[in-house]
Every structure is written in C-alpha cells, then in structure tokens.
Amino acid sequence: GVAGILLFVLGCHLPAEAPAPQTFASWVREGLPGVDSVPAIRLAASTSSSAVQVTEVADFQCPSCRVFALAAWPAILAHYAPTGSLDVVVVPYAIHALHPYATMAAGAAWCAAEQGDVAFMDRIYEAQDTWSSAATVGDATTSLRSLVTGTSLDASRFDRCLTAAATRRLLQAAQAAADRI
C-alpha cells in the first residue's frame, strides 16, 4: 500500500485548536484518513505501488509555507519524483485570522492547476509580498490575476474558474477536511 505523510507547513502560527503532536505521529503510521476524497492539487504522481504519499496542507499567504514551497519542495521533487516513489498533493488551507487573502490565492492555484499548470503555485508564492499586502480583496484578486500574464494559461477560463461557485465549494471542502485533521 501507499504510506502516508502529512505536512503542516504552517510555522507562522497554528490556531489554538491545532491537533496535538501525537496525532501527527499516528497519521504517519496509519495514513491520513479520507485523503483520496479531499480536494487537492497534485504535484507529483507516483508510478509505484510502494510510493510514499505526501499531503501538504498549505496556506498560500503564510511566509513559512512560501519558504518551504520555494526552497524545500524543488529539492525533494528533483530527488524523489523521477524515481516514481513519491505521490504529492497540496490541500489548500487558510488561517483566515492571519491571512485574509489565502483563500483567493488558493483559488488561483486551483484554477491554474485545472489547466495543467501546477508551477503557477510558485508564481503565487514568489509574488506573495505584493498580493498579500493589498488593501482590499479586490486589489489582491487583481494582483493574483496579473500573474497569468506571460503563462500559457487561458486568462478567460482562469477568471471564470476563480469566480465560480464550484471553485468556492471545492476550497471550502478542502478547508473543512484540513480542519478535521
């Protein structure tokens, strides 16, 4: 079977109701319950039945998540993904009290991934200082939409996805699943 590992890369601040560390250990031993039904963005697909499944729960507005995504993931993926021994998914999450635009950024990542561009997540993290310091949700959305320029993404399709009720429902489902973990 597939072994499961869950990464919480939320070094900035975990909410008070965050699970106890022993819970994390049980997830590593027993796997993450129901992970196949959680809306997630696939970074690497395994080709082996003995692959390790890594589920990252990431807040796109969290500075610690940005450091992990831009510094650690490239090295991990370069080493393990070519062997087919790693299956990686990212579950979008938002610590709303600290990161009011994280859900919008997760929507941008989701909509780019729907068009086959998972590398767009790097663009979101690289521009985090710009869109996360926006004065309003509208300004943050405009900033995130501007990241589509210079990519192969269909901007109209991206915009429709970003404002779609179905996208909001998927992001809410991912948030709810991560909250249960």
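The pLDDT is the predictor's confidence in each residue, on a scale from 0 to 100. For this predicted model, the mean over the protein is 78, with 75% of residues reaching 70 or more. Two stretches fall below 50: residues 1-6, which still make 23 contacts in the model beyond near neighbours in sequence, and residues 8-35, where that tally comes to 41. Those contacts are best taken lightly, because predicted coordinates should not be read in detail where pLDDT is low.

Turning to helix 7, which runs over residues 155-163, the buried residues are F158, C161 and L162. They sit on the same side of helix 7, because the arc they cover around the axis is only 100°. That fits the general geometry: an α-helix has 3.6 residues a turn, so residues three or four places apart point the same way. As for what lies over these buried residues, the cover includes helix 3 (102-114), helix 4 (120-126), helix 6 (137-146) and helix 8. At the start of helix 7, D154 comes into play, with one of its side-chain oxygens reaching to within 3.0 Å of the backbone nitrogen of S156.

Helix 8 spans residues 165-180 and takes in T167. T167 has a relative accessible area of 5%, so it counts as buried, the cut-off being under 20%. Setting aside neighbours within four places in sequence, T167 is in contact with G107, W110, C111 and C161. C161 has already come up as one of the buried residues of helix 7.

Key: Residues are numbered from 1 along each chain as its sequence is written. This is a predicted model: local features need pLDDT of at least 70, side-chain atom pairs count only at pLDDT 80 or more; totals for chains, interfaces and linings use all residues. Side-chain values use heavy atoms; hydrogens and water are left out. Helices (H or I, at least four residues) and strands (E, at least two) are DSSP runs, numbered from the N terminus. Buried means under 20% relative accessible area, exposed over 50%, partly exposed in between (1.4 Å probe, protein chains only). Contact means heavy atoms within 4.5 Å. The arc is that of the directions from the helix axis to the C-beta atoms. A polar contact is a pair of N or O atoms within 3.5 Å; within protein, one must be able to donate a hydrogen and the other to accept it, and residues adjacent in sequence count only if both atoms are side-chain atoms.
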